[in-house]
Amino acid sequence: MKPSHFLFVAVSLGIALPAHSAGPIIGRATVIDGDTLEIKGERIRLHGVDAPESWQTCEDGDGGTYRCGKEAAFALDQFLAESRPTRCEFVERDRYKRFVGVCFRADGPEVNRWLVRSGNAVNWEKYSKGAYVGAEQLARARGAGIWRGKFQLPCQARAERAGQEPAC
């Protein structure tokens with residue numbers, strides 16, 4: 001069957017095509033956690049970044065602790081609310097079949113980069129291939145977000161909680 005015939009049959013039968021063939025996902029984003037959004041029922045994992053888990057705590061630099069994962073999610077929600085809708089460009093599907101993408105606010109700023117630059121996520125080198133190194137260096141130098149105190153890398157915190165070896 002020719003590709004054009006397949007597309008016609010798929011559309012006629014209401015068969016869902018992969019997200020990357022349909023282009024970006026655009027809509028009002030709901031924040032699931034500090035590095036995951038949902039738009040139009042599609043879970044979107046932000047590519048190349050890793051934010052603290054919602055249950056994760058970090059040291060604040062003044063001897064106290066705070067819920068850094070909750071803070072990251074709240075900050076992301078506020079950032080997205082400043083300019084809607086959100087547009088996410090497809091990168092790949094992860095092992096959980098989530099859409100993995102690079103997202104942008106309606107007024108242009110890249111969400112993934114902002115998360116790292118604001119100190120609400122780290123550059124996940126394994127996936128970003130260094131795309132956010134500069135943003136992380138800036139956040140670290142400013143003591144922004146999680147960089148204001150001590151914290152455990154999110155991938156290490158997840159592994160420890162699951163009793164597994166970290167994959168980072």
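Here are four short exercises, with worked solutions, on the predicted model shown above.

**Exercise 1. The open sheet**

Work out the strand order of the six-stranded open sheet and find which strands stand at its edges.

*Solution.*
- Start with the order, which reads β1-β8-β9-β4-β3-β2, and note that the pairing is mixed.
- Now look at the two ends: β1 (25-27) and β2 (30-33) each have a single partner strand, so one side of each is left without a neighbour in the sheet.
- Going from one strand to the next, the twist averages 40 degrees.
- Zoom in on one pair: β8 (residues 86-93) and β9 (residues 99-104) run antiparallel and are joined by six bridges. Within this pair, Cys88 has Cys103 of β9 as its bridge partner.
- Finally, add the helix: α2 (residues 68-81) lies across β2, β3 (36-39), β4 and β8, and its direction makes an angle of about 160 degrees with β2.

**Exercise 2. Two loop residues**

Decide whether His47 and Ala121 are buried or exposed, and list what each one touches beyond its sequence neighbours.

*Solution.*
- Place His47 first: it sits in the loop between β4 (42-46) and β5 (49-50).
- The relative accessibility of His47 is 15%, and because the cut-off for buried is under 20%, His47 counts as buried.
- Beyond four places in sequence, the contacts of His47 are Val91, Val100, Gly101, Val102, Asn112, Tyr127, Ser128 and Tyr132.
- Turn to Ala121, found in the loop between α3 (111-117) and β10 (122-123). With a relative accessibility of 0%, Ala121 is buried too.
- Leaving out neighbours within four places, Ala121 contacts Val49, Asp50, Ala51, Leu115, Val116 and Ile146.

**Exercise 3. The largest pocket**

Describe the lining of the largest pocket, and find which element gives the most to it.

*Solution.*
- Begin with the space, about 670 Å³.
- Next, take the lining: there are 27 residues, and Arg95, Tyr96, Arg98, Trp124 and Arg158 lie nearest the centre.
- Sort the lining by class, and you get eleven nonpolar, four polar and twelve charged residues.
- Then assign elements: β4, β5, α4 (125-128) and α6 (154-162) each supply at least two lining residues. The most comes from α6, with four.

**Exercise 4. Helix α6**

Which residues of α6 are buried, and what covers them?

*Solution.*
- Pick out the buried residues of α6, namely Pro154, Cys155, Ala157 and Ala159.
- Look at what lies over these buried residues: the cover includes β5 and β10.
- Step just past the end of α6, where Gly163 takes a positive phi of about 70 degrees.

Definitions and conventions: Residues are numbered from 1 along each chain as its sequence is written. This is a predicted model: local features need pLDDT of at least 70, side-chain atom pairs count only at pLDDT 80 or more; totals for chains, interfaces and linings use all residues. Side-chain values use heavy atoms; hydrogens and water are left out. Buried means under 20% relative accessible area, exposed over 50%, partly exposed in between (1.4 Å probe, protein chains only). Contact means heavy atoms within 4.5 Å. On a 1 Å grid over the protein atoms alone, a cavity is a set of points where a 1.4 Å probe fits but cannot get out, and a pocket is an open set with protein on both sides within 12 Å along at least five of seven lines; lining residues have an atom within 4 Å of a point. Grid points are joined across faces, edges and corners, and a volume is the space filled by probe spheres set on the points. Ala, Val, Leu, Ile, Met, Phe, Trp, Tyr, Cys and Pro count as nonpolar, Asp, Glu, Lys and Arg as charged, and the others, Gly among them, as polar. Two strands pair if DSSP finds at least two bridges between them. Axes are lines fitted to C-alpha atoms, for helices over the stretch in contact, and angles run from 0 to 180 degrees between N-to-C directions.
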